[in-house]
Amino acid sequence: MKLILGIRAQLVAGIVLLTTAGIGLIGFLSVNIVETRSVYWKIIEAGHTVRLVRFMTSGMKEQSLAGVADNLKPLSLAAAALREVGIDTFEFIDAGGAVILRQGKLSREVGKVIYDSGALKVISVGSGWLAGPGEYLYVIAAMRGEGVKSGKLEFIVPLTDINNDMSVVRQFIFFYALLDSFIIIAFGIYFLSRLVINPVRALEAAAKRISGGALGERADVPAENELGALAASFNVMAGRVEEEIKTLERMNLELVSKEEELLRSKTLAAVGGLAAGIAHEIGNPLGAVHGYIDILSKGAGGKAEEKDLLERLAKEVGRIDVIVREFLDVARPSSRPPHPVDVSSVVKEAVSAVAVHKDFKGISVTVKGATQTPLVAIDEGKLRQVVINLLLNAAHAVKDARKDVSAVMVETGVRKRPVTRALMPHRRRDDQPATAAEVSAPEKDYVFVSVADAGSGMTEQESRKIFEPFFTTKEVGSGTGLGLFISQSIIKAYGGVIEFATKQGEGSVFIVFLPVGQWQEPERAENAVGE
Ligand SMILES: Nc1ncnc2c1ncn2[C@@H]1O[C@H](COP(=O)(O)OP(=O)(O)O)[C@@H](O)[C@H]1O
Ligand SMILES: [Mg+2]
C-alpha cells in the first residue's frame with residue numbers, strides 16, 4: 001500500500017529533518033570548538049610549566065651526570081613545582097638519554113602531535129573527532145631551550161577536568177538544541193501553514209467546489225505573495241469559465257428553440273405540401289370522373305360503351321376512396337386505446353398475411369429473433385399496417401432489383417437506445433453526433449422490428465425524401481407514396497421511431513423502434529402481491 005502524505009505532513013517532516021540536522025551540526029561544532037580551546041589552554045599551561053622548570057634548573061652543572069650532588073636540589077625543587085601544578089607523572093632525562101628523576105610511570109603511547117616548536121612538543125593521546133579531547137597530553141620539552149644539547153623533561157597532562165567539563169557542556173548543548181528544534185519546528189509549521197498550506201488548501205477546496213458545479217465559488221487567499229497572485233489568477237480563470245459556461249448554456253437554449261422553430265416550419269411546410277399533394281392526387285381522378293360524367297350525360301354510344309365508362313368511373317372513384325381512406329386511418333383516433341401488444345406475434349401475423357399476396361410470388365420471407373418480445377403500448381391493427389407497408393416495400397425493391405436471391409429478412413428483439421433520440425425523430429441518422437442531452441439520458445429499452453431486403457436500395461437523394469407524403473418512385477397506380485409517411489406518423493404517435501440504412505444496388509433495412517411499455521412493472525408488482 002502506498003502511504004499518501006499531505007503537503008503539511010511532508011513539509012513538517014522536511015522541517016524536522018533540516019532543523020535536527022542543522023542544530024545537531026552546530027552542537028557538534030560548538031562542542032569541538034570548546035574542546036579545542038580547552039586543550040589549547042592546557043598547552044599554554046604546559047609551556048609555562050616547562051619555562052618554570054627551565055628557570056629552576058638553570059643552575060645545574062653537568063647535564064649528563066645524574067649523580068652530581070649539586071644537581072639534586074634544583075631537580076627535586078622542580079619536581080615539587082611540577083607536583084604543585086598537578087603534574088604527577090614525569091621523567092627528567094639527561095642529554096645522554098638516562099633517566100635522572102622519575103615519578104609515576106610514563107607510557108609512551110602514540111598519539112597525534114598537536115604542537116611542536118622544537119623545544120616543546122605536545123602529543124594528544126586518544127583524541128579524535130568523536131573521541132573528544134583525548135585521555136591526556138604527552139609533553140616532551142628540552143630542558144635548555146632549542147638548539148642546545150640538553151636533557152629532556154617528559155610529563156603527562158591529564159585531561160580529566162576537560163572531559164568532565166565537556167560532558168556538562170554536551171548535556172547543556174543537547175538540551176538547548178532540543179529546545180531550539182522545538183521552537184524552530186513550531187514556528188516553521190505555524191508560518192508555513194499561514195503562508196503556504198492554508199492558501200493551497202483554500203485553492204484546492206475552491207477548485208473542488210467549482211468542479212463540483214458551484215461555478216460562482218472563488219478562492220479566498222488574501223496573501224500578498226505568489227500564492228495570493230496564483231489565487232487571483234485562479235479566480236479570474238474561474239470567472240472566465242463561469243462566463244463561458246453561461247454563454248454556452250444560453251447558446252444551447254437558443255439553439256434548441258431555433259431547432260424547435262425549424263421543426264415547426266418544416267412541419268408547416270409538410271402540411272402545406274400534404275394539402276397540395278392531396279389536391280393533386282385527388283385532382284387527377286376527379287378530372288377523369290368529370291370527363292366520364294360529361295360523356296355519359298351527353299348519352300354517348302351504346303350499352304357496352306356506357307358500361308365501360310361506368311367501370312372506369314368506379315375505378316377512379318376507387319382511387320380517390322383509397323387515398324381518402326388511408327388518410328382517415330391516420331387521422332382517426334384509434335378505435336381502441338393503446339394496449340399491451342407482443343410485437344413478435346404481430347410480425348408473424350403480418351408475414352403470413354403478405355405471404356399470399358401476389359407481390360410476394362417467388363419471394364421468401366425469413367423471420368428470426370425473439371419468439372416473444374416485451375409488451376409495448378400500441379394499437380395492434382396499426383402496427384400490423386406498418387409492418388405490412390415495410391414488407392411490401394421490401395418485396396417491391398427485391399422485384400425491382402431482379403437479382404437471383406429474392407429474400408426478405410425480418411427480425412424482432414430488444415435494444416437499448418437513448419430516450420431523446422426517440423423524442424427527436426428528425427435526428428434519425430445514427431451518424432449524427434449525439435447531443436449532450438442524449439449522452440446524459442439514461443438508456444431505455446426498445447422493442448425493434450427490422451425488415452431487410454437485398455433489393456434495389458436507394459440513391460442518397462431518394463433516401464432523403466422517402467418519408468414525405470406522395471413521394472414514390474413507383475408507376476402511377478402501383479404506389480401512392482403514402483406508405484412510409486403514414487407508417488412514420490403511426491410509430492411517432494406511440495413514442496417510437498423508424499430508422500433505415502440503404503445502399504444503392506445492395507439493399508435496404510428499415511427498423512421500427514417502440515418503447516417498452518411502462519405499465520409492465522406495476523402489473524407484475526400486483527401479481528406479486530396477489531400471490
Ligand atoms: N425497401 C425499400 N427499398 C428501396 N426503396 C424503398 C424501400 N422502401 C421504400 N422505398 C422508396 O421509398 C418510396 C416511398 O415508399 P412508400 O412511402 O412506401 O410509398 P410507395 O411504396 O407507395 O412508393 C418508394 O417509392 C421507394 O422509392
Ligand atoms: Mg409502400
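# Notebook: helix H3, strand E11 and some salt bridges

**Overview.** I counted secondary structure to begin with: the protein has twelve helices and 13 strands. I am working from a predicted model, so I keep that in mind throughout. Burial came next, and 34% of the 531 residues count as buried. I also looked at how far apart in sequence the contacting residues sit. Taking contacts with a separation of 6 or more, 67% join residues 24 or more positions apart. For the accessible surface I got about 31,900 Å², and carbon and sulfur atoms hold 61% of that.

**Helix H3, length.** I picked out H3, which runs over residues 160-211 and has 52 residues. I wanted to check its length against the 1.5 Å a residue expected of a helix. The expected span is 76 Å, and I find 71 Å between the end C-alpha atoms, so the two agree.

**Helix H3, kink.** Where is the kink in H3 centred? I find it centred on Ser193, with an angle of about 50°. So I went to Ser193 itself, which is a residue of H3. Its relative accessibility is 9%, and since buried means under 20%, Ser193 counts as buried. Leaving out residues up to four places away in sequence, I list Arg8, Asn198 and Pro199 as what Ser193 touches. Arg8 caught my eye, as it is 185 residues from Ser193 along the chain, yet their C-alpha atoms are separated by 7.6 Å.

**Helix H3, buried side.** I then went through H3 for other buried residues. Among them are Ile162, Met166, Ile173, Ala177, Ser181 and Ile185. Further along I noted Ile197, Pro199, Leu203, Ala206 and Ile210, also buried. Pro199 thus turns up twice in my notes, as a buried residue of H3 and as a contact of Ser193.

**Nonpolar patch.** I looked for nonpolar surface too. One patch of about 920 Å² is made by Phe172, Phe175, Tyr176, Leu179, Ile183, Phe187, Tyr190, Phe191 and Leu195. I took Phe191 as a sample member and confirmed that it lies in H3. Is Phe191 buried or partly exposed? Its relative accessible area is 43%, so I put it down as partly exposed.

**After H3.** I checked what comes next in the chain. Gly213 follows H3, and its phi is positive, near 115°.

**Salt bridges, Arg218 and Glu242.** My search of the whole structure gave 18 salt bridges. I opened the one between Arg218 and Glu242, where the closest N and O atoms are 2.7 Å apart. This pair links distant parts of the chain: Arg218 is in the loop between H3 and helix H4 (226-297), while Glu242 is in H4, 24 residues apart. The two partners get separate burial labels in my notes. Arg218 is partly exposed at 28% relative accessible area, whereas Glu242 counts as buried at 16%.

**Salt bridge, Asp294 and Lys298.** I looked up this pair as well, and its closest N and O atoms are 3.7 Å apart. Asp294 has a relative accessible area of 42%, so I call it partly exposed. Lys298 reaches 65% and counts as exposed.

**Salt bridge, Asp445 and Lys416.** Here I read 2.9 Å between the closest N and O atoms. Which strands does the pair connect? Asp445 lies in E11 and Lys416 in E10 (residues 407-418), so the bridge ties together parts 29 residues apart in sequence. Asp445 is partly exposed at 33% relative accessibility, and Lys416 is partly exposed with 45%. I also noted one network, in which salt bridges that share partners join Arg218, Glu242 and Lys246.

**Strand E11, Glu443.** I stayed with E11, which covers residues 443-453 and includes Glu443. Glu443 has a relative accessible area of 53%, and the cut-off for exposed is over 50%, so Glu443 is exposed. What does Glu443 touch, not counting residues up to four places away in sequence? I found Lys416 and Arg417. Lys416 was already in my notes as the salt-bridge partner of Asp445. I also took the C-alpha to C-alpha distance from Glu443 to Arg415: it is 9.7 Å, for residues 28 apart in sequence.

Terms used. Residues are numbered from 1 along each chain as its sequence is written. Chains are lettered from A and ligands numbered from 1 in the order in which they are written. This is a predicted model: local features need pLDDT of at least 70, side-chain atom pairs count only at pLDDT 80 or more; totals for chains, interfaces and linings use all residues. Side-chain values use heavy atoms; hydrogens and water are left out. Helices (H or I, at least four residues) and strands (E, at least two) are DSSP runs, numbered from the N terminus. Buried means under 20% relative accessible area, exposed over 50%, partly exposed in between (1.4 Å probe, protein chains only). Contact means heavy atoms within 4.5 Å. Accessible areas come from the Shrake-Rupley method with a 1.4 Å probe; for residues, only the protein chains shown count as cover. The expected span of a helix is 1.5 Å times one less than its number of residues. The bend at a residue is the angle between axes fitted to the seven residues ending there and the seven starting there. Patches are made of residues with over 30% relative accessible area and no salt bridge: like charges are joined within 9 Å, nonpolar side chains (Val, Leu, Ile, Met, Phe, Trp, Tyr) within 5 Å. A salt bridge is a side-chain nitrogen of Lys or Arg within 4 Å of a carboxyl oxygen of Asp or Glu.
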